[in-house]
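Hi,

Here is the structure I promised to pass on. Have a look at it first, and my notes follow underneath.

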Amino acid sequence: MLTIILGDITKEPVDAIVNAANTSLLGGGGVDGAIHRAAGPELLAECRTLHGCETGQAKITKGYRLPAKYVIHRPGPIWRGGIMGEEQLLQSCYENCLRLAVENGCRSVAFPSISTGVYRFPLETASEIAVRTILEFLKTHPDMEVRMVCFDRETLGYYEDALKEQTEIVNEED
Ligand code: AR6
(Lines give C-alpha, C1' and ligand atoms only; values in the text may rest on other atoms or scores of the structure.)
Protein backbone atom coordinates (compact mmCIF):
# COMPACT_ATOMS: atom_id res chain seq x y z
CA MET A 1 0.00 0.00 0.00
CA LEU A 2 1.19 3.54 -0.79
CA THR A 3 0.07 6.41 1.41
CA ILE A 4 0.94 10.06 0.97
CA ILE A 5 1.06 12.21 4.08
CA LEU A 6 2.14 15.62 5.32
CA GLY A 7 4.69 15.31 8.09
CA ASP A 8 8.23 15.06 9.41
CA ILE A 9 9.95 11.85 8.33
CA THR A 10 12.06 11.75 11.51
CA LYS A 11 8.87 10.98 13.47
CA GLU A 12 7.77 8.01 11.35
CA PRO A 13 7.62 4.71 13.26
CA VAL A 14 8.49 2.54 10.25
CA ASP A 15 11.13 -0.14 9.69
CA ALA A 16 13.19 2.16 7.46
CA ILE A 17 13.24 5.81 6.49
CA VAL A 18 15.07 6.98 3.39
CA ASN A 19 17.51 9.88 3.62
CA ALA A 20 17.94 12.21 0.61
CA ALA A 21 21.66 12.28 1.32
CA ASN A 22 24.72 13.48 -0.56
CA THR A 23 27.65 11.35 -1.69
CA SER A 24 29.73 12.16 1.41
CA LEU A 25 27.08 10.62 3.72
CA LEU A 26 28.33 13.03 6.35
CA GLY A 27 25.13 15.05 6.70
CA GLY A 28 23.91 18.29 5.16
CA GLY A 29 20.85 20.51 5.19
CA GLY A 30 17.20 19.72 4.49
CA VAL A 31 15.91 16.29 5.38
CA ASP A 32 19.48 14.98 5.75
CA GLY A 33 20.22 17.48 8.51
CA ALA A 34 16.91 16.76 10.23
CA ILE A 35 17.57 13.00 10.21
CA HIS A 36 21.07 13.40 11.66
CA ARG A 37 19.82 15.77 14.38
CA ALA A 38 17.03 13.41 15.39
CA ALA A 39 19.13 10.22 15.21
CA GLY A 40 21.99 11.66 17.27
CA PRO A 41 25.78 11.57 16.81
CA GLU A 42 25.91 7.76 16.62
CA LEU A 43 24.43 7.98 13.12
CA LEU A 44 27.25 10.22 11.89
CA ALA A 45 29.76 7.89 13.53
CA GLU A 46 28.37 4.90 11.62
CA CYS A 47 28.21 6.93 8.38
CA ARG A 48 31.92 7.77 8.72
CA THR A 49 32.71 4.05 8.53
CA LEU A 50 30.90 3.76 5.15
CA HIS A 51 33.29 6.02 3.21
CA GLY A 52 30.62 7.81 1.21
CA CYS A 53 28.15 6.60 -1.36
CA GLU A 54 28.31 7.11 -5.12
CA THR A 55 25.21 8.47 -6.87
CA GLY A 56 23.46 5.26 -7.87
CA GLN A 57 24.27 3.42 -4.64
CA ALA A 58 22.27 3.14 -1.43
CA LYS A 59 23.63 2.28 2.01
CA ILE A 60 21.82 1.25 5.17
CA THR A 61 22.55 2.13 8.80
CA LYS A 62 20.79 1.78 12.11
CA GLY A 63 18.27 4.45 13.13
CA TYR A 64 19.69 5.09 16.63
CA ARG A 65 17.41 7.63 18.41
CA LEU A 66 14.86 7.65 15.57
CA PRO A 67 11.63 5.67 15.87
CA ALA A 68 12.69 3.97 12.60
CA LYS A 69 14.91 0.90 12.92
CA TYR A 70 17.02 1.70 9.85
CA VAL A 71 18.03 4.65 7.67
CA ILE A 72 18.61 4.02 3.97
CA HIS A 73 20.96 6.71 2.65
CA ARG A 74 20.60 7.49 -1.00
CA PRO A 75 21.90 10.54 -2.85
CA GLY A 76 19.31 11.59 -5.43
CA PRO A 77 20.26 13.14 -8.79
CA ILE A 78 21.00 16.86 -8.99
CA TRP A 79 18.69 18.44 -11.59
CA ARG A 80 20.77 19.77 -14.51
CA GLY A 81 17.95 20.60 -16.88
CA GLY A 82 16.87 17.04 -17.62
CA ILE A 83 19.57 16.19 -20.15
CA MET A 84 21.80 14.11 -17.88
CA GLY A 85 19.48 11.15 -17.39
CA GLU A 86 18.08 12.61 -14.17
CA GLU A 87 14.67 10.97 -14.63
CA GLN A 88 16.15 7.49 -14.97
CA LEU A 89 18.47 8.19 -12.03
CA LEU A 90 15.55 9.21 -9.83
CA GLN A 91 13.63 6.07 -10.76
CA SER A 92 16.61 3.85 -9.89
CA CYS A 93 16.92 5.75 -6.63
CA TYR A 94 13.46 4.62 -5.49
CA GLU A 95 14.07 1.10 -6.86
CA ASN A 96 17.42 0.68 -5.02
CA CYS A 97 15.99 1.87 -1.72
CA LEU A 98 13.01 -0.47 -1.93
CA ARG A 99 15.26 -3.41 -2.84
CA LEU A 100 17.61 -2.70 0.05
CA ALA A 101 14.62 -2.44 2.41
CA VAL A 102 13.36 -5.87 1.30
CA GLU A 103 16.86 -7.39 1.66
CA ASN A 104 16.90 -6.17 5.26
CA GLY A 105 13.50 -7.59 6.12
CA CYS A 106 11.66 -4.26 6.24
CA ARG A 107 7.89 -4.26 5.86
CA SER A 108 7.36 -0.50 6.07
CA VAL A 109 9.39 2.26 4.42
CA ALA A 110 8.99 6.04 4.44
CA PHE A 111 10.42 8.28 1.69
CA PRO A 112 10.94 12.04 1.60
CA SER A 113 10.53 13.84 -1.71
CA ILE A 114 14.03 12.97 -2.96
CA SER A 115 15.90 15.62 -5.01
CA THR A 116 13.12 18.24 -5.00
CA GLY A 117 14.77 20.54 -2.43
CA VAL A 118 18.38 21.68 -2.76
CA TYR A 119 18.82 19.42 -5.83
CA ARG A 120 15.96 21.33 -7.61
CA PHE A 121 14.32 18.41 -9.45
CA PRO A 122 10.92 19.72 -10.71
CA LEU A 123 8.19 18.49 -8.40
CA GLU A 124 5.73 17.53 -11.13
CA THR A 125 8.15 15.11 -12.80
CA ALA A 126 9.69 13.89 -9.55
CA SER A 127 6.31 13.06 -8.01
CA GLU A 128 5.18 11.21 -11.15
CA ILE A 129 8.39 9.12 -11.20
CA ALA A 130 8.27 8.36 -7.47
CA VAL A 131 4.63 7.29 -7.45
CA ARG A 132 4.93 5.22 -10.65
CA THR A 133 8.07 3.43 -9.41
CA ILE A 134 6.60 2.66 -5.98
CA LEU A 135 3.32 1.38 -7.45
CA GLU A 136 5.26 -0.85 -9.85
CA PHE A 137 7.27 -2.28 -6.94
CA LEU A 138 4.10 -2.88 -4.90
CA LYS A 139 2.72 -5.12 -7.65
CA THR A 140 5.35 -7.71 -6.69
CA HIS A 141 5.46 -6.80 -2.94
CA PRO A 142 1.80 -6.36 -2.00
CA ASP A 143 2.45 -6.69 1.76
CA MET A 144 4.84 -3.78 1.88
CA GLU A 145 3.73 -0.46 3.36
CA VAL A 146 5.26 2.58 1.66
CA ARG A 147 4.72 6.15 2.84
CA MET A 148 5.64 9.35 1.01
CA VAL A 149 6.19 11.93 3.72
CA CYS A 150 5.80 15.46 2.32
CA PHE A 151 7.11 18.33 4.39
CA ASP A 152 4.90 21.09 2.93
CA ARG A 153 1.47 21.39 1.35
CA GLU A 154 2.73 22.21 -2.15
CA THR A 155 4.76 19.00 -2.25
CA LEU A 156 1.85 17.04 -0.80
CA GLY A 157 -0.44 18.34 -3.57
CA TYR A 158 1.90 17.14 -6.31
CA TYR A 159 2.23 13.64 -4.87
CA GLU A 160 -1.51 13.35 -4.26
CA ASP A 161 -2.20 14.37 -7.86
CA ALA A 162 0.40 11.91 -9.15
CA LEU A 163 -1.20 9.08 -7.16
CA LYS A 164 -4.65 10.01 -8.42
CA GLU A 165 -3.44 10.08 -12.03
CA GLN A 166 -1.54 6.79 -11.74
CA THR A 167 -4.50 5.09 -10.09
CA GLU A 168 -6.79 6.28 -12.89
CA ILE A 169 -4.33 4.93 -15.49
CA VAL A 170 -4.29 1.54 -13.74
CA ASN A 171 -8.09 1.46 -13.62
CA GLU A 172 -8.34 2.26 -17.33
CA GLU A 173 -5.98 -0.64 -18.08
CA ASP A 174 -8.21 -3.11 -16.14
N1 AR6 B 1 10.72 15.34 6.77
C2 AR6 B 1 10.30 15.14 5.48
N3 AR6 B 1 10.73 15.90 4.44
C4 AR6 B 1 11.60 16.90 4.71
C5 AR6 B 1 12.10 17.16 6.01
C6 AR6 B 1 11.62 16.33 7.07
N7 AR6 B 1 12.03 16.48 8.33
N8 AR6 B 1 12.97 18.22 5.93
C9 AR6 B 1 12.99 18.62 4.64
N10 AR6 B 1 12.17 17.83 3.90
P11 AR6 B 1 16.33 18.24 0.45
P12 AR6 B 1 17.51 17.01 -1.97
C13 AR6 B 1 11.87 17.88 2.46
O14 AR6 B 1 16.88 19.58 0.08
O15 AR6 B 1 16.81 17.97 -2.88
C16 AR6 B 1 21.04 18.04 1.70
O17 AR6 B 1 21.87 19.06 2.14
C18 AR6 B 1 12.13 19.17 1.70
O19 AR6 B 1 11.14 20.15 2.01
O20 AR6 B 1 16.44 17.80 1.87
O21 AR6 B 1 17.54 15.57 -2.35
C22 AR6 B 1 21.80 16.75 1.39
O23 AR6 B 1 22.93 16.59 2.24
C24 AR6 B 1 12.05 18.67 0.27
O25 AR6 B 1 10.67 18.57 -0.13
O26 AR6 B 1 16.98 17.04 -0.45
C27 AR6 B 1 22.18 16.93 -0.04
O28 AR6 B 1 23.35 17.70 -0.17
C29 AR6 B 1 12.62 17.26 0.36
O30 AR6 B 1 12.65 16.94 1.76
C31 AR6 B 1 21.02 17.71 -0.62
O32 AR6 B 1 20.45 18.43 0.47
C33 AR6 B 1 14.02 17.10 -0.20
O34 AR6 B 1 14.79 18.27 0.02
C35 AR6 B 1 19.97 16.79 -1.20
O36 AR6 B 1 18.99 17.56 -1.85
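Before anything else, keep in mind that this is a predicted model.

I'll begin with the ligand and its polar contacts. A backbone N or O atom of Gly117 lies 2.8 Å from one of the ligand's oxygen atoms. Val118 does much the same through its own backbone, with a polar atom 2.8 Å from a ligand oxygen. Over at Val31, a polar backbone atom is again 2.8 Å from an oxygen atom of the ligand. As for how well covered the ligand is, it has 710 Å² of accessible area on its own, and the protein covers 90% of that.

The ligand's place in the protein is easy to find: the space it takes is the largest pocket. Two elements give two or more residues each to the shell around the ligand, namely strand E2 (16-21) and helix H1 (30-39). H1 makes the largest contribution to that shell, with four residues.

There are 22 residues around the ligand, and the ones that come nearest are Asn22, Gly29, Val31, Asp32 and Gly117. If you sort the shell by character, you get nine nonpolar residues, ten polar and three charged.

Away from the ligand, I also checked for aromatic pairs. How many turn up in a search of the whole structure? The search finds two. One of them is formed by Tyr94 and Phe111, whose ring centres are 4.8 Å apart, with 40° between the planes, which makes the pair tilted. Tyr94 sits in helix H3 (residues 86-103) and Phe111 in strand E5 (residues 108-111), so this pair ties together parts that are 17 residues apart in sequence.

That's what I have for now. Over to you!

Cheers

Conventions: Residues are numbered from 1 along each chain as its sequence is written. This is a predicted model: local features need pLDDT of at least 70, side-chain atom pairs count only at pLDDT 80 or more; totals for chains, interfaces and linings use all residues. Side-chain values use heavy atoms; hydrogens and water are left out. A residue is near a molecule or strand if one of its heavy atoms lies within 4 Å of it. A polar contact is a pair of N or O atoms within 3.5 Å; within protein, one must be able to donate a hydrogen and the other to accept it, and residues adjacent in sequence count only if both atoms are side-chain atoms. Accessible areas come from the Shrake-Rupley method with a 1.4 Å probe; for residues, only the protein chains shown count as cover. On a 1 Å grid over the protein atoms alone, a cavity is a set of points where a 1.4 Å probe fits but cannot get out, and a pocket is an open set with protein on both sides within 12 Å along at least five of seven lines; lining residues have an atom within 4 Å of a point. A molecule sits in a cavity or pocket if more than half of its atoms lie within 2 Å of its grid points. Ala, Val, Leu, Ile, Met, Phe, Trp, Tyr, Cys and Pro count as nonpolar, Asp, Glu, Lys and Arg as charged, and the others, Gly among them, as polar. Rings of Phe, Tyr and Trp (its six-membered ring) pair if their centres lie within 6.5 Å; planes under 30 degrees apart count as stacked, over 60 as edge-to-face and the rest as tilted.
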